[in-house]
Amino acid sequence: MAKPVNNLIDLLLNDNIKALKPYESARRLFSGAGNKQQVWLNANESPFANDFTIDAERFNRYPDCQPPAVIDAYAAYAGIQPDQLLVSRGADEGIELLIRAFCTPGKDSVLICPPTYGMYAISAETCDVGIERAALNDDFSLNVDAIKAFKGKVNLVFICSPNNPTGTSVDKNQLLEVIEHFADSAIVVIDEAYIEFDKDSSWAAELTHYPNIAILRTLSKAFALAGLRCGFTLAQAPVIQALMKVIAPYPIPEPVAQIAAQALSSKGLVTLEQQVAVINQEKALLKSALAKFADVELVGDDKANFILFRTPQKSALMNHLVASGILIRDQSKQVNLDNCLRITVGNPEQNKQLLSEISRFFTLQTSTQEA
Ligand SMILES: Cc1ncc(COP(=O)(O)O)c(C=O)c1O
């Protein structure tokens, strides 16, 4: 029998994986910390937990790869054709499928526009695909000239709108210029994970005009189903067919399909509208309350379900909130976001609790300084 080697894993591990740091998701950062008393405002989830029913009758069978009830309902919701849609394990899987289908490992690259959602880079790294960067301008608009300079050097251009974590939506003319510039060389991936909070800026209605766009959507945000892991890629049929080549045979578990179909029913869509309205209302209240603190500067825009702000007291405030059982997200490591924290809009009670803790923190700071 061959002798085991101590460094077998190092020996076998892919070079591109060796240096990889796993995505620090909100859940990983505070894993195991979740309990009912804590207020989770760190992952841009919905504060609402809706009820669903499950029918176990078909659990002995493998599910459809692309469950027709989900595809038809989401296509109708998005105003597109069923053959322009792929359902996957969250939008995150959509990101990975696009990279796997359209980028050759060790050879091709993707373009990202930081500060933005971290999974584009992580997925590219895991697939041994290069990452180019064209940082957003200071006002978080696209640096169109910088982006255009990557023509011929990248296969995918990731643009997040509304953008996480800046809450800004991308100007339609800017995006159009990018889409047209890359028409013969790259797919522009428009991540619309938060689109329900800024419906008018969606590109779904433009799908038929542009063979080189792919739109990412999810049930994790406005639909209040982050635990379901269900997302969508919208694109013309040839892109969808390419993704179908790399997706797993049974990516959508039967209970997930059942719940997604209920969330997309006419009753589910009424709930969605109502909950988005509550979140938007709460967001406006939170924003104006935060703006009143002398040491808080609101950053970016409010086109999603979160608020970004800068404070010189970033670390102390974050620690104070964590100690009070309120979890928010530090974004200060991102380009141009020094001292920035991101707060997901919670339910009215959670937001009140958050504001009262922030207020307590700044009062304590002032009294310490004065003492
Ligand atoms: C911009 C953006 N895209 C995609 C995702 C991932 O969505 P999903 O939960 O569907 O994988 C997130 C989650 O935070 C996000 O912020």
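Visitor: How many salt bridges does the count come to?
Guide: In this predicted model, the count comes to 16 salt bridges.

Visitor: What makes the contact between Glu93 and Arg89 a salt bridge?
Guide: The closest N and O atoms of Glu93 and Arg89 are 3.3 Å apart, and the rule asks for a side-chain nitrogen of Lys or Arg within 4 Å of a carboxyl oxygen of Asp or Glu, so the pair counts as a salt bridge.

Visitor: Why is Glu93 called buried, and why is Arg89 called partly exposed?
Guide: Glu93 has a relative accessible area of 9%, and since buried means under 20%, Glu93 is called buried. Arg89 has 46% relative accessibility, which lies between the limits of 20% and 50%, so Arg89 counts as partly exposed.

Visitor: How do you know that Asp184 and Lys151 meet in a salt bridge, and what does the pair tie together?
Guide: The N to O distance for Asp184 and Lys151 is 2.9 Å, and this is within 4 Å, so the two side chains meet the rule for a salt bridge. Asp184 lies in the loop between helix 8 and strand 6, while Lys151 lies in the loop between helix 7 and strand 5, so the pair ties together parts that are 33 residues apart in sequence.

Visitor: Why is Asp184 called exposed?
Guide: Its relative accessibility is 63%, and because exposed means over 50%, Asp184 counts as exposed.

Visitor: Why is the pair of Tyr74 and Phe232 called stacked?
Guide: The ring centres of Tyr74 and Phe232 are 3.8 Å apart, which is within 6.5 Å, and their planes stand at 15°, which is under 30 degrees, so the pair is stacked. Tyr74 lies in helix 4 and Phe232 in strand 8, so this pair ties together parts that are 158 residues apart in sequence.

Visitor: What makes the pair of Tyr77 and Phe223 edge-to-face?
Guide: For Tyr77 and Phe223 the distance is 5.3 Å centre to centre, within the 6.5 Å limit, and the angle between the planes is 80°, which is over 60, so the pair counts as edge-to-face. Tyr74, Tyr77, Phe223 and Phe232 form one aromatic cluster.

Visitor: How do you know that Phe223 is buried, and why is Tyr77 called partly exposed?
Guide: Phe223 has 4% relative accessibility, under the limit of 20%, so Phe223 counts as buried. Tyr77 has 25% relative accessibility, which falls between 20% and 50%, and therefore Tyr77 counts as partly exposed.

Methods
Residues are numbered from 1 along each chain as its sequence is written. This is a predicted model: local features need pLDDT of at least 70, side-chain atom pairs count only at pLDDT 80 or more; totals for chains, interfaces and linings use all residues. Side-chain values use heavy atoms; hydrogens and water are left out. Buried means under 20% relative accessible area, exposed over 50%, partly exposed in between (1.4 Å probe, protein chains only). Helices (H or I, at least four residues) and strands (E, at least two) are DSSP runs, numbered from the N terminus. Rings of Phe, Tyr and Trp (its six-membered ring) pair if their centres lie within 6.5 Å; planes under 30 degrees apart count as stacked, over 60 as edge-to-face and the rest as tilted.
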